[in-house]
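Trainee: Please take me closely through the rings of the aromatic residues, and then follow them out to the empty spaces of the model. I would like each term explained when it first comes up.

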Amino acid sequence: MLLLLLAWALLSVAAPLGACGAALSFRLRAQPVREVSPAFLSLTLDANLATDPRYITFLSSLKLRTLARGLSPGFLRFGGTKTDFLIFDPKKEPTLEEKICSDLLEKQDAADVCGFRPAPLDLIEHLELQWPFQELLIRGELDKKKHKNTTITRSTLDILYNFAQCSELHLIFGLNALLRTRSSQWDSSNARFVLDYCDSRNYNMSWELGNEPNSFRLKSGIHIDGFQLGQDFIQLRHLLSNYSYYRNSRLYGPDVGRPRKHTQRLLRSFLKSGGKVIDSVTWHHYYVNGRNATREDFLSPDVLDTFTADVQAVQQIVDATVPGKKVWLGETSSAYGGGAPRMSNTYLAGFMWLDKLGLSAKLGIDVVMRQVFFGAGTYHLVDASFEPLPDYWLSLLYKKLVGTRVLDISLTGEDHRRLRVYLHCTNEHHPKYRDGDVTLFALNLYNSTKYLQLPSSFSKKTVDEYLLLPYGKENILSRSVQLNGQVLKMLDDETLPTLREKPLSPGTSLGLPAFSYGFFVIQNAKAIACI
């Protein structure tokens with residue numbers, strides 16, 4: 001164990017002055033290559049968390065709220081397959097667990113709704129003990145593709161909205177699209193109940209309708225073509241216009257899966273029919289099937305590069321039907337089917353996640369919604385014990401260091417597919433850094449240490465290193481990470497650790513150990529696009 005840690009420590013040391021490395025080229029024009037939303041990295045909660053609504057009370061955890069707030073600003077999408085099997089009953093009594101949380105909410109001062117006292121610890125601990133069995137039920141529904149309707153109550157919506165609001169995230173709620181009239185049109189009666197209640201509570205939120213309509217027939221035996229789905233969205237937009245609170249609310253869709261031929265046809269037809277009423281086009285992406293994914297998949301340039309072709313396929317359809325409309329990744333992670341066990345929740349998953357963030361911004365995706373913040377499966381950012389996983393810490397670093405403006409960067413001297421680099425203006429809200437600073441982030445897919453050489457014009461600049469490495473004997477399959485040698489963990493339920501930089505001497509090459517990733521902030525870069 002000691003030898004392993006020593007080896008990582010030695011590898012993480014930056015190269016000495018003048019050491020050779022891959023040469024970086026920055027083309028810092030007056031304007032950025034692209035600019036993405038301030039909510040670029042956003043989050044999801046899978047609607048299957050409400051399969052048994054008792055478990056929605058997990059969202060009262062103070063620790064979970066602290067972790068979510070760390071990734072604000074952003075959107076919080078409540079959606080997924082279960083979206084189309086949720087029925088809202090405004091008259092039904094909540095579960096005992098939900099009632100306890102709702103009663104606590106009602107006792108809060110209206111001016112301090114986020115001074116929310118968490119549910120009793122013994123209640124949360126009791127649900128934690130039962131959660132593994134609930135996960136098996138959720139997994140069983142997915143595997144058998146037999147989904148049962150679940151009834152949610154006013155308390156379900158109250159707890160969900162309060163979690164989003166107090167985490168400083170904007171809630172996007174997915175409405176059930178599989179409720180149909182005899183003529184196969186969308187039956188909006190249940191959506192009206194949801195809107196009536198949310199409007200009465202002055203809940204500021206946005207909306208979606210359905211999840212992955214390309215697989216409706218497989219999930220429910222119901223086929224809805226793109227034209228009809230577009231008409232359903234027009235109907236929803238008209239419905240929203242009846243509410244003063246939602247007349248100008250945002251509507252996103254259609255949340256299709258990867259752009260295979262059938263899905264491309266559906267998306268094209270939908271956008272021609274109803275594309276004018278949505279605010280952004282949403283689609284979903286996963287690299288691999290979680291049931292048979294391998295460690296090599298996560299480290300494969302070939303696998304990572306498939307994402308570019310999918311983005312381009314979607315953008316071509318959008319440009320041809322609703323030009324100028326923003327494109328979002330409405331749901332995405334490493335592996336579908338809940339993730340790849342013992343991989344999607346480890347340091348290894350960070351290669352897919354960080355590369356997807358870099359490529360998405362570079363290719364013009366405006367928002368990327370990570371599946372999931374917390375919940376069933378192994379692709380979550382926070383596990384069932386409310387412990388943050390490697391991708392959480394990676395997301396936190398990204399949020400703190402990476403700004404919205406994308407810059408042009410290239411690399412020579414190494415295979416750019418194995419040594420992958422991205423450049424942005426530094427996050428303007430970071431207290432240490434200034435306008436004109438830039439953030440470089442990089443992934444090393446080589447089985448050896450690699451060095452990055454900054455352009456000569458930056459040789460006298462101060463660089464802060466934020467190198468993320470696995471911690472523990474599991475190596476890249478570890479569920480713990482260290483930042484510049486400091487193991488990352490919460491100080492208490494309300495406090496995240498300080499993300500400490502490691503200053504590098506001017507002119508030092510930037511070192512990346514084998515199979516690692518990190519961030520480098522170049523101070524006083526005076527990039528015109530960042531001023």
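Mentor: Let us begin with a word we shall need for the rings: a residue is buried when its relative accessible area is under 20%, exposed when it is over 50%, and partly exposed in between, with a 1.4 Å probe and protein chains only. The model is predicted, so to speak of local features we need a pLDDT of at least 70 and, for side-chain atom pairs, 80 or more, while totals for chains, interfaces and linings use all residues. Residues are numbered from 1 along each chain as its sequence is written, and side-chain values use heavy atoms, with hydrogens and water left out.

With that settled, Tyr347 and Tyr517 are each buried. Their ring centres lie 4.4 Å apart and their planes meet at 10°, so this pair is stacked. The rule behind that word is that rings of Phe, Tyr and Trp (its six-membered ring) pair if their centres lie within 6.5 Å, and that planes under 30 degrees apart count as stacked, over 60 as edge-to-face, and the rest as tilted. This pair links distant parts of the chain, for Tyr347 sits in the loop between β11 (326-336) and α12 (350-363), whereas Tyr517 belongs to strand β22 (residues 516-522), 170 residues away. Helices (H or I, at least four residues) and strands (E, at least two) are DSSP runs, numbered from the N terminus.

For a contrasting arrangement, turn to Tyr392 and Trp393, whose pair is edge-to-face, with 5.4 Å from centre to centre and 80° between the planes. These residues, Tyr392 and Trp393, are both buried as well. Elsewhere, Phe78, Phe173, Trp207, Tyr243, Tyr245 and Tyr246 are joined into a cluster by ring pairs, and a search through the whole structure comes to 30 aromatic pairs.

From the rings we can move to the empty spaces. Rolling a probe the size of a water molecule over the atoms shows where empty space is left. On a 1 Å grid over the protein atoms alone, a cavity is a set of points where a 1.4 Å probe fits but cannot get out, a pocket is an open set with protein on both sides within 12 Å along at least five of seven lines, and lining residues have an atom within 4 Å of a point. Points are joined across faces, edges and corners, and a volume is the space filled by probe spheres set on them.

The largest pocket has a volume of about 1,100 Å³. Of the 40 residues in its lining, Thr81, Leu142, Tyr336, Gly337 and Gly338 lie nearest its centre. Two or more lining residues come from each of α4 (121-144), α7 (216-220), β10 (280-289) and β11, and the largest share, 6 residues, is that of α4. By class, the lining of the largest pocket holds 10 nonpolar, 18 polar and 12 charged residues, where Ala, Val, Leu, Ile, Met, Phe, Trp, Tyr, Cys and Pro count as nonpolar, Asp, Glu, Lys and Arg as charged, and the others, Gly among them, as polar.

The second largest pocket, with a volume of about 690 Å³, is lined by 31 residues, and those nearest its centre are Lys399, Lys400, Leu401, Asn427 and His429. At least two lining residues come from each of α13 (390-401), β13 (402-412) and β14 (419-426), with α13 giving the largest share, 5 residues. Here the classes divide into 15 nonpolar, 10 polar and 6 charged.

The closed spaces remain, and there are 3 cavities of 30 Å³ or more. The largest cavity encloses about 90 Å³, and among its 13 lining residues Leu86, Leu175, Asn176, Asn190 and Val194 are the closest to its centre. At least two residues of this lining are supplied by each of β5 (86-88), β7 (169-175) and α6 (189-200), as the count by element shows. By class, the lining of the largest cavity has 9 nonpolar, 3 polar and 1 charged.

The second largest cavity holds about 60 Å³, and its lining consists of Arg405, Thr426, Asn427, Glu428, Tyr433, Arg434, Asp435, Gly436, Asp437 and Cys530. In this lining 2 residues are nonpolar, 3 polar and 5 charged. Asn427 thus appears twice in our tour, as part of the lining of the second largest cavity and among the residues nearest the centre of the second largest pocket.

Terms used. Contact = heavy atoms within 4.5 Å.
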